[in-house]
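Here is a walk through a two-part tour: one chain's overall build, then some charged pairs and a greasy patch. Keep the viewer open while you read.

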Amino acid sequence: MNAIVVIFTIIFISAIGYVVIRGFDLLSAKENLIAIGASFGLGVGLISAQLYVYSKLNIAWQKESLLFPWIFFIMGFLLKNRKSIRIILPKVIKLEFIDKILIVGILLTVSYVIFEALLRPVTTWDAWANWLLQAKVFFVEGRILPDTLEYMDSEYPLTINLLGTFIYIILAQVDDTSVLLTSSAFYVFLAILFFAVLKERFSMHYALLFTMLLVATQNFVRHGGRMEAGLADLPLGYCSFICVVLLFKYMRTKSRKPLLLLNVFLSITALIKFEGLPISIFITLCTLSNIYTNKLYRHLPIMLLWLLPFLAWKVDRRISHLTETYFFISHRFEIAMSKSINAFTGTIKELINIKSWGILWIVYFYSLLMYGIKENKELAILNFIILCQLVLYLVIYNTTAGNNPESSIQRLLMHIAPMVFYYLALLTQTKLKI
Amino acid sequence: MLKSISEIRNWAHLSDGEKRYKIFRESYNMSLFIDKYTQDKSNVVFVSKNLMPYYFGRYSLYPKRLYRADNITKLKALLSTKKINYIVTYNMNIKIEDYNPIATFSSKNTSDIGILYKSK
């Protein structure tokens, strides 16, 4: 029963995101499927922000106070657009046999992932020791208290924790099995978005093929439901991918609206995990480069927007006298030859881990050797972000205590893996002209 | 499909408690033990070199708060800075002053031993 409630809650969260995108016309009507793919991520950012703001303003976290503003917002959107809303059955597209096989494959894989998420309570260490611990604590306390953050020794941003808290508020109980469906939701919406982005440019079977490759990659299956559900790495990979998609849209259209939506998602990305901040910075650099090249200087103020929620959260922590211990106590500066060797060998070992990734990373680095980094502008940007983030992880492994590839690289690669799939899809089409 | 069948066979028939024991082993039983013999919203120091039972207890027992010490110096530091209602030792032989032993945990499947002390 709880699982059904969580599914409806996920749909509601997505509806919030979708109505914001369409209500403010942040993506065009033609990009409906992309809007659907991005809707869950935006909805998560918005409800997490709502919980955070309510906590600061001492507004009780009750179902009514949380849900009704969004219900009114959605109803307002429906009323405003009542003349243009038509309930029509989707056109039945004639699919070739290969497309049907791929769709069945995708649906079977997704079903397996959701089934796995519901089979066990939360399993993976970081999920229950960090993300769901905080979700539970916030739910029990009914707000975010500096004392509880200090108790949990928590420095991570709160978006994913607050998503868990929101689910528990709707359920009126802690259920650390049903809440894992949120990981499956990120997995499903990533698949929808990935397909939509490729379908926009390429054929149906090309888009389906690469979507199948993505959803069937073992590490995505694990993070979506099997054994590693509950972590924040898949959400970060999903949001990073949305940011890149929106960046490319902005580069093509030079319009303010995708830039605004990009800023919203840069903010959400930075507020999921620490690793989201450098990704947001790298994407911002690419955006600023585009603004400078095209002399779109009037768009510069918009590029500051994404930093504001992140800075507000940091200032709030400072005002609450919460200590920053990550780089100062638990992961101090430390270099040693053995660390460096381990950093590189451990990372390479994961990159060639066929069980987790198939041949994804092998093909990616082979393509870099064959075609270089700057095949075209979009591929260059993707390579810049992917390689900068990877180098950053290597630098962290080389220079900080307590960080090593064995315990984390498999999760960290999730942050950039969707971009790598996208890169390979674009490159393959460029080279093979399918 | 084959994977799903084997997963159903291994997990579907288990109760929630059995699943948690399958995943967390004695950490799960230890947290049940602490929960049974401590009052609501109490502060407990977990004295052990084992990390898993502490972190799992911290998650499963909240709003009871668990703090960790792996030696007598850290234990004394916690006792002097926080109002500690209980101390639980897990696989550690350590002299506890000003607290009375009230319950003992002994694993049926391993040699793990835990003793729960309450403040006088």
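For the charge count below, Lys and Arg count as positive and Asp and Glu as negative, while His and the chain ends are left out. On that basis chain B carries 21 positive and 10 negative charges, and the mean positions of the two sets sit 3 Å apart. Bear in mind that you are looking at a predicted model.

**Chain B as a whole**

Chain B has 120 residues, and 48% of them are buried. Its secondary structure adds up to 5 helices and 5 strands, and if you read along the sequence they come in the order α-α-α-β-α-β-α-β-β-β. The C-alpha trace spans about 55 × 30 × 20 Å along its principal axes. As for the outside of chain B, the accessible surface is about 6700 Å², with 50% of that belonging to carbon and sulfur atoms. How much of the contact set in chain B joins residues at least 24 apart? Taking contacts between residues at least 6 apart in sequence, the share is 49%.

**Salt bridges**

Side chains of opposite charge can pair when their charged atoms come close. Over all chains, the structure holds 21 salt bridges. Here are three of them, with the distance between the closest N and O atoms:

| Acidic partner | Basic partner | Closest N and O atoms |
|---|---|---|
| E200(A) | K249(A) | 2.8 Å |
| D16(B) | R20(B) | 2.7 Å |
| D35(B) | K64(B) | 2.8 Å |

Start with the pair in chain A, the salt bridge between E200(A) and K249(A). This one links distant parts of the chain: E200(A) belongs to helix 8 (residues 181-201) and K249(A) to helix 11 (residues 233-253), 49 residues apart. Is E200(A) buried or partly exposed? E200(A) counts as partly exposed because its relative accessibility is 38%, whereas K249(A) is buried, with a relative accessible area of 4%.

Now for D16(B) and R20(B), also joined by a salt bridge. Both are in helix 2 (residues 16-24) of chain B, and they are 4 residues apart, so about one helical turn separates them. D16(B) is partly exposed at 41% relative accessible area, while R20(B) counts as buried at 13%.

The remaining pair in the table is the salt bridge of D35(B) with K64(B). Here again distant parts of the chain are linked: D35(B) is in helix 3 (residues 26-37) of chain B, and K64(B) is in the loop between helix 4 (52-61) and strand 2 (65-69), 29 residues apart. D35(B) is partly exposed, with a relative accessible area of 39%, but K64(B) is buried at 5%. Elsewhere, salt bridges that share partners tie D126(A), D233(A), K273(A), E275(A) and R411(A) into one network.

**A nonpolar patch on chain A**

Which residues make the nonpolar surface patch of about 640 Å²? They are I281(A), L285(A), L288(A), Y292(A), Y297(A), L300(A) and F384(A). Helix 13 (residues 276-293) of chain A gives the largest share, 4 residues. L285(A) sits in helix 13 and counts as partly exposed because its relative accessibility is 44%.

To place that patch residue against another part of the chain, take R82(A), found in the loop between helix 3 (63-80) and helix 4 (97-119) of chain A. R82(A) counts as exposed, since its relative accessibility is 54%. The C-alpha atoms of R82(A) and L285(A) are separated by 41 Å, and the two residues are 203 apart along the chain.

Conventions. Residues are numbered from 1 along each chain as its sequence is written. Chains are lettered from A and ligands numbered from 1 in the order in which they are written. This is a predicted model: local features need pLDDT of at least 70, side-chain atom pairs count only at pLDDT 80 or more; totals for chains, interfaces and linings use all residues. Side-chain values use heavy atoms; hydrogens and water are left out. Patches are made of residues with over 30% relative accessible area and no salt bridge: like charges are joined within 9 Å, nonpolar side chains (Val, Leu, Ile, Met, Phe, Trp, Tyr) within 5 Å. Accessible areas come from the Shrake-Rupley method with a 1.4 Å probe; for residues, only the protein chains shown count as cover. A salt bridge is a side-chain nitrogen of Lys or Arg within 4 Å of a carboxyl oxygen of Asp or Glu. Helices (H or I, at least four residues) and strands (E, at least two) are DSSP runs, numbered from the N terminus. Buried means under 20% relative accessible area, exposed over 50%, partly exposed in between (1.4 Å probe, protein chains only). Contact means heavy atoms within 4.5 Å. The place of a charge is taken as NZ of Lys, CZ of Arg, CG of Asp or CD of Glu.
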